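Biologist: Please take a close look at how the helices pack against one another here, and go through the contacts pair by pair. Plain language will do, since this is for a first-year student.

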Amino acid sequence: MSELKDYTQAQLVLEKNDIYVAPAEVHGAISGLLACGLNIEAKEYLGLLSDVFNEGQNFNEELKQFFAEMYKHVIEHFNESEFQFDLFLPSEDESLLDQANALVGWVSGFLLGFGLKQKDYGKLSADVKEVISDFTEITKLDTHFDDSEEDQQALHEIIEYIRVSALLCFAEMGKEPEAGTTSKTLH
């Protein structure tokens, strides 16, 4: 199982290479790409990420390695039978404001990645449409949280909802049909 860099280290790698987006947003974009069915073996994600995060310029080797590690990590955790997929956010030692801003960045990244590959909104299930609608509302979230127990709990519940919703999108759209099964669903 691959592990991601510490959140602060990840931010430093991005900034050192003139990529000024939060690691949460990058993780969200990769998660969104995979959740809507990007071929998991494809290298297409590097081109898509360079288009949106690097003005279409190729990434250097350090960034290619960084993104490859994150991509592999997301794939492994989406495919886990124990549902251990987690959002890549600052640690709980950081302020709720930093965590909430990163969460909004993650959701924005997810919507970006999802939108880059999902061209037919009309074919989405009602559940996935609801997730996309909810995620759109979450991007408008007022991130001013007090460091109270109540606000910590509220943020934790939002994070858990987003985590489960991303898993739902991947389960419905991201997985390849298993051999011997039909891809048509009867309703």
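Modeller: The axes of α1 and α4 come within 10 Å of each other and cross at roughly 145°. This is a predicted model, so each value below is computed from predicted coordinates. The crossing of α1 and α4 is left-handed. On the α1 side, the residues that meet the partner helix are A10, V13, L14 and K16. On the α4 side, they are E62, L63, F66 and F67. Sorted by class, this contact has 6 nonpolar residues, no polar ones and 2 charged ones.

A word on why two figures come up for each pair: two packed helices are described by the angle between their axes and the distance between the axes.

Helix α1 covers residues 7-16, and L12 lies within it. Is L12 buried or exposed? L12 has a relative accessible area of 51%, and exposed means over 50%, so L12 counts as exposed. The C-alpha atom of L12 is 9.8 Å from that of A22, although 10 residues along the chain separate the two.

The loop between α1 and α2 contains D18. The phi angle of D18 is near 60°, which is a positive value in a residue that is not glycine. D18 has a relative accessible area of 51%, so D18 is exposed.

After that loop comes the next pair. Helix α2 (residues 23-35) and helix α3 (residues 44-53) have axes that come within 11 Å and cross at roughly 135°. Angles over 145° would count as roughly antiparallel and 65 to 115° as roughly perpendicular; the crossing falls in neither range, and α2 is therefore oblique to α3. The crossing of α2 and α3 is right-handed. From α2, the residues in the contact are E25, V26, A29, I30 and L33. From α3, they are Y45, L48, L49 and F53. The contact of α2 with α3 divides into 8 nonpolar residues, no polar residues and 1 charged residue.

The loop between α3 and α4 holds E55. E55 also has a positive phi without being a glycine, with a value near 50°. The relative accessibility of E55 is 76%, so this residue counts as exposed.

The loop between α4 (61-78) and α5 is the place of L87. Is this residue buried or exposed, with a relative accessible area of 11%? Buried means under 20%, so L87 is buried. Neighbours within four places in sequence aside, L87 is in contact with H27, L103, W106, I159, I162 and R163. One of these, I159, is 72 residues away from L87 in sequence, yet the two C-alpha atoms are 7.7 Å apart in space.

W106, one of the contacts of L87, also takes part in the last pair. Helix α5 (residues 96-117) and helix α6 (residues 126-138) have axes that come within 9 Å and cross at roughly 135°. The two helices are therefore oblique to each other. The crossing in which α5 passes α6 is left-handed. The contact is made by V104, W106, V107, F110, L111 and F114 on α5, together with V128, I132, F135, T136 and I138 on α6. By class, 10 of these residues are nonpolar, 1 is polar and none is charged.

Now the chain as a whole. How many helices and strands does the chain have? There are 7 helices and 0 strands, and the order along the sequence reads α-α-α-α-α-α-α. The chain has 187 residues, and 44% of them are buried. Take the contacts between residues at least 6 apart in sequence: 75% of these join residues at least 24 apart. The pair of L87 and I159, in contact and 72 residues apart, is an example of such a long reach along the sequence. The accessible surface of the chain comes to about 10,500 Å², and carbon and sulfur atoms account for 48% of that area.

How values were computed. Residues are numbered from 1 along each chain as its sequence is written. This is a predicted model: local features need pLDDT of at least 70, side-chain atom pairs count only at pLDDT 80 or more; totals for chains, interfaces and linings use all residues. Side-chain values use heavy atoms; hydrogens and water are left out. Axes are lines fitted to C-alpha atoms, for helices over the stretch in contact, and angles run from 0 to 180 degrees between N-to-C directions. Helices (H or I, at least four residues) and strands (E, at least two) are DSSP runs, numbered from the N terminus. Angles under 35 degrees count as roughly parallel, over 145 as roughly antiparallel, 65 to 115 as roughly perpendicular and the rest as oblique. A crossing is left-handed if the near helix is turned anticlockwise from the far one by less than a right angle, and right-handed if clockwise. Contact means heavy atoms within 4.5 Å. Ala, Val, Leu, Ile, Met, Phe, Trp, Tyr, Cys and Pro count as nonpolar, Asp, Glu, Lys and Arg as charged, and the others, Gly among them, as polar. Buried means under 20% relative accessible area, exposed over 50%, partly exposed in between (1.4 Å probe, protein chains only). Accessible areas come from the Shrake-Rupley method with a 1.4 Å probe; for residues, only the protein chains shown count as cover.
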